[in-house]
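Hi everyone, thanks for coming. Let me put the model up on the screen, and then I'll talk you through it.

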Amino acid sequence: MKPTALPRRADGATLVGLFVLILLILPARLAVAGLPLSLTPAEIMALVLGVVWVCAQMISTAGVAKGSNPIRTSIFAYGMILLAVYGYTTSLYLPSDELNLADHTIVLYLGYVGLLLVVCDGIGSRERLDFVLKALVIGGTFAAIVALMQFRLDFDLTQYMKIPGLRHTSAEEVPTVISRSDLRRVAGTLGHPIEFGALSAMLLPLAAHLGFQARSRGQAATRWWICAVIIAAGLMFSVSRTAVLGLAGAGLILLLGWSNRRRIVTIGAFAVFLGFMKVLAPGLIGTFYNLFAGAGDDSSIMYRTHDYPFAMREFAKSPIFGRGPGTWYPFKHQVFDNQYLLSLVETGLLGVLGFVGVIVCGIVVALRVRRLSTDPNVRNLGLTIAACLVIPLLGAATFDMLSFPGITSVMFLLVGAAGALLRYERADQADKLLLSSFQEPADRSRSLIALTGNGHGSARSGSS
């Protein structure tokens with residue numbers, strides 16, 4: 001009689017996958033009612049993940065990784081910088097509205113740190129990490145389908161996604177559809193078209209990776225290519241320069257690391273996709289061309305650049321610690337459509353260095369995994385994560401990225417994924433080193449028993 005498989009227990013990947021689906025499926029403007037702080041269900045889930053990580057670190061039976069990891073070191077340094085900035089700035093006088101926003105911002109960052117740590121330490125295998133990446137792509141595909149309906153049908157599904165216990169984050173509904181050049185700019189389930197476009201650019205390489213990986217394993221890859229097409233269409237419907245610039249940066253990294261055959265296939269598929277979009281949305285390709293061809297006279301670009309001197313004057317008032325995280329908000333102060341400028345003003349030079357350091361560390365670690373591994377799928381995933389993390393580095397120069405929890409959460413998640421990949425690769429290298437240290441076949445068999453714990457002799461000795 002064939003034994004039945006035991007049901008899989010919930011683990012860190014299960015919790016992170018649930019977080020991802022909450023983040024990308026529920027409209028971003030919905031917050032939990034009745035709380036003193038405006039927190040979305042995804043933000044509360046991220047805080048829960050942080051509590052789970054802390055509890056798991058106190059015991060040795062939860063299967064959570066411990067020990068050194070450059071990703072954990074980088075987020076620890078960034079977290080200490082943010083706490084120092086928060087402590088210094090709140091010890092000085094701040095108006096009550098700005099003090100409340102500083103408190104709210106620190107709570108959000110605690111959630112981001114918890115999310116990163118659970119991904120880095122709490123996902124036990126590459127297969128479970130693939131589960132999280134699949135959840136990301138599926139959630140992004142749903143958001144893109146909502147965007148498709150907003151763009152083509154002028155139907156906003158998020159207006160009907162009203163859930164008991166949730167309320168809008170502001171008194172006035174934030175529009176998810178705005179216009180540019182007589183075209184709709186859509187946000188899907190995200191907070192703004194720019195955020196949606198940049199997030200789609202980050203998820204598109206992941207969808208392509210899952211398609212390539214499934215094909216190499218002899219599995220069905222069509223579903224992931226369908227997801228990739230839908231996400232790419234969603235990127236176009238955002239009508240955002242930031243999305244195109246980010247995708248160009250990620251594409252350059254991928255093309256440099258891919259084989260010639262994959263480059264040719266990708267470029268051909270991209271050309272076919274543009275032809276498809278020209279038929280599906282007449283005028284959209286021309287609008288994107290005009291966004292870049294007429295960039296010198298574009299009012300949105302001039303608006304982004306005219307406030308540089310003003311930002312530098314504010315930065316000079318407190319160049320090290322800034323004026324406080326979250327305290328420079330648009331309803332009271334001049335908007336900076338540049339995260340680097342905003343971080344210089346709010347968290348000073350220390351905050352900017354910490355923010356950039358976390359992303360750069362994620363990129364370096366992902367590329368290190370690519371160099372160490374001999375598995376083509378692992379090497380491609382390392383390259384893909386590095387390419388995805390280039391997008392927030394570029395996007396932070398074109399909009400206030402950290403003000404949008406959707407793309408910020410995915411950024412921290414992918415940095416944590418780079419740390420998890422390094423942990424798996426280190427374990428593989430240690431196993432290979434242990435096996436190679438035994439020269440005789442009998443010794444090699446004993447080493448396998450030591451690694452797997454399947455030897456009957458070891459069980460008898462342990463019971464005697």
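I'll go through the salt bridges and then the cavity.

One thing to keep in mind as you look: this is a predicted model.

Let's start with charge. Side chains of opposite charge can pair when their charged atoms come close. How many salt bridges does the structure hold? There are eight, and I'd like to show you some of them.

Please find Arg128 and Asp11. These two form a salt bridge, with 2.9 Å between the closest N and O atoms. Arg128 sits in helix α5, which covers residues 126-152, while Asp11 belongs to the segment before α1 (12-25), so this pair ties together parts that lie 117 residues apart in sequence. Is Arg128 buried or exposed? Its relative accessibility is 11%, so Arg128 counts as buried. Asp11, at 23%, counts as partly exposed.

Now move to Arg126. Its salt bridge partner is Asp428, and here the closest N and O atoms are 2.7 Å apart. Arg126 is in helix α5 and Asp428 is in helix α15 (residues 405-436), so to speak two distant parts of the chain, 302 residues apart, linked by one pair. Asp428 has a relative accessibility of 27% and counts as partly exposed. There is a further partner to look for, too: Arg126, Glu425 and Asp428 are linked in a network of salt bridges.

One more pair, Arg184 and Asp154. Their side chains meet in a salt bridge at 3.5 Å, N to O. Arg184 lies in strand β4 (residues 183-186) and Asp154 in the loop between α5 and β2 (166-168), so the pair ties together parts 30 residues apart in sequence. Arg184 is partly exposed, with a relative accessible area of 31%, whereas Asp154 is exposed, at 52%.

On to the cavity. The structure holds one cavity of 30 Å³ or more, and the volume of the largest cavity is about 190 Å³. Its lining is made of 23 residues, and those closest to the centre are Leu23, Thr40, Ala42, Glu43 and Pro405.

Which elements supply that lining? Helices α1, α2 (41-57), α4 (96-122) and α15 each give at least two residues. The most come from α2, with five. As for chemistry, the lining residues divide into 17 nonpolar, four polar and two charged.

Before we finish, look once more at α15: this helix holds Asp428, the partner of Arg126, and also supplies at least two residues of the cavity lining.

Thanks for listening!

Definitions and conventions
Residues are numbered from 1 along each chain as its sequence is written. This is a predicted model: local features need pLDDT of at least 70, side-chain atom pairs count only at pLDDT 80 or more; totals for chains, interfaces and linings use all residues. Side-chain values use heavy atoms; hydrogens and water are left out. A salt bridge is a side-chain nitrogen of Lys or Arg within 4 Å of a carboxyl oxygen of Asp or Glu. Helices (H or I, at least four residues) and strands (E, at least two) are DSSP runs, numbered from the N terminus. Buried means under 20% relative accessible area, exposed over 50%, partly exposed in between (1.4 Å probe, protein chains only). On a 1 Å grid over the protein atoms alone, a cavity is a set of points where a 1.4 Å probe fits but cannot get out, and a pocket is an open set with protein on both sides within 12 Å along at least five of seven lines; lining residues have an atom within 4 Å of a point. Grid points are joined across faces, edges and corners, and a volume is the space filled by probe spheres set on the points. Ala, Val, Leu, Ile, Met, Phe, Trp, Tyr, Cys and Pro count as nonpolar, Asp, Glu, Lys and Arg as charged, and the others, Gly among them, as polar.
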